[in-house]
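Work through the exercises below with the model open beside you. Try each task before reading its solution.

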Amino acid sequence: MIRNSSGFKQVLGAALVAAAALAAPAQAEVIGFEGYAGAVGGTEVWTEGNYNIGFYANVADGGEGTLVGQFINGDDSTCDSGSMACPVGHAGTYYGALNDSYIDIWSNSVAPFSVKSFDAAFIGGSPVLGSYPSVPALLRLQGFLADGSYLLQDFALDGATAGGFNFGHFDTTGTFADSAFVEVLAFGLVCNTSGSCSGFNSDRAQFGIDNISLVEAGTAADVPEPGTVAMLGLGLMGLAGARRRNRRGGKQS
């Protein structure tokens with residue numbers, strides 16, 4: 001069932017521009033997804049602190065009215081374990097991006113920001129743990145700069161253990177970690193046994209994400225990390241048309 005909570009209401013899209021240096025002072029924030037449960041429909045938006053996180057399908061209307069994800073309690077009480085392999089042993093609530101969907105992060109103060117770290121895990125489309133390769137999926141971040149260009153960085157999600165899939169902690173590195181973005185997308189690329197990974201073509205590139213650490217550019221918390229090479233390359237620009245349309249704002253937690 002798609003939630004139609006009164007906490008979600010329509011907002012006007014704000015222009016994401018670098019002139020946001022005039023915004024109010026900011027600090028490091030961690031997006032934790034606590035306080036909600038249940039299914040998520042395309043174009044819904046979670047607002048926490050100074051950031052908005054939108055949930056979308058990779059289609060022209062963002063998948064409005066269709067299932068794109070679910071807020072899942074880490075004790076597995078809200079996971080459909082008969083048809084999925086949800087991560088195990090995670091404390092609190094996380095967001096599960098289902099059916100090849102993606103999330104979109106932008107600042108509600110219009111200030112550029114950096115992504116420093118997050119927790120993530122693969123969500124399998126079958127409860128049979130032995131059916132997955134050692135690296136079942138990549139989580140890709142695509143950060144858009146104020147001039148419209150973008151950077152990519154990929155993170156390999158852990159394979160299944162005997163108990164199931166586990167969350168891992170991931171730090172961004174190098175150029176990606178040190179860049180100030182006006183918008184960041186996160187989406188999955190599902191991998192096969194030969195190591196080839198692809199997205200948006202199977203409904204199997206599913207992932208759980210939590211504890212996203214974001215820092216407004218130029219603040220004391222925004223300290224450059226040692227230089228490591230970020231994975232840069234061709235982005236899935238089919239996202240661009242959908243990600244800025246039909247945004248809906250959520251109740252701030």
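Buried means under 20% relative accessible area, exposed means over 50%, and partly exposed lies in between. The model is predicted.

**Exercise 1.** Find which side chains of strand β12 are buried and which are not.

*Solution.* Start with the range: β12 covers residues 168-171. Next, follow the side chains, which alternate along the strand. G168 and F170 point to one face and are buried. H169 and D171 point to the other face and are not buried.

**Exercise 2.** Determine in which sense β9 and β12 pair, and over how many bridges.

*Solution.* Locate β9 at residues 113-122. Its pairing with β12 is antiparallel and runs over four bridges. Then look across from H169 in β12: the residue opposite is D119.

**Exercise 3.** List the disulfides and give their pairing in sequence order.

*Solution.* There are two disulfides. One joins C79 to C86, with an S to S distance of 2.0 Å. The other links C191 and C197, whose sulfur atoms are 2.0 Å apart. Number the bonded cysteines along the sequence, and the pairing reads 1-2, 3-4.

**Exercise 4.** Work out the handedness of each disulfide from its S-S torsion.

*Solution.* For C79 and C86 the torsion is about 90°, so this disulfide is right-handed. For C191 and C197 the torsion is about 100°, so that disulfide is right-handed.

**Exercise 5.** Classify C191 and C197 as buried, partly exposed or exposed.

*Solution.* C191 has a relative accessible area of 8%, so C191 is buried. C197 has 27% relative accessibility, so C197 counts as partly exposed. For the other disulfide, both C79 and C86 are buried.

Technical notes: Residues are numbered from 1 along each chain as its sequence is written. This is a predicted model: local features need pLDDT of at least 70, side-chain atom pairs count only at pLDDT 80 or more; totals for chains, interfaces and linings use all residues. Side-chain values use heavy atoms; hydrogens and water are left out. A disulfide is a pair of cysteine sulfur atoms within 2.5 Å. Buried means under 20% relative accessible area, exposed over 50%, partly exposed in between (1.4 Å probe, protein chains only). Helices (H or I, at least four residues) and strands (E, at least two) are DSSP runs, numbered from the N terminus. Two strands pair if DSSP finds at least two bridges between them.
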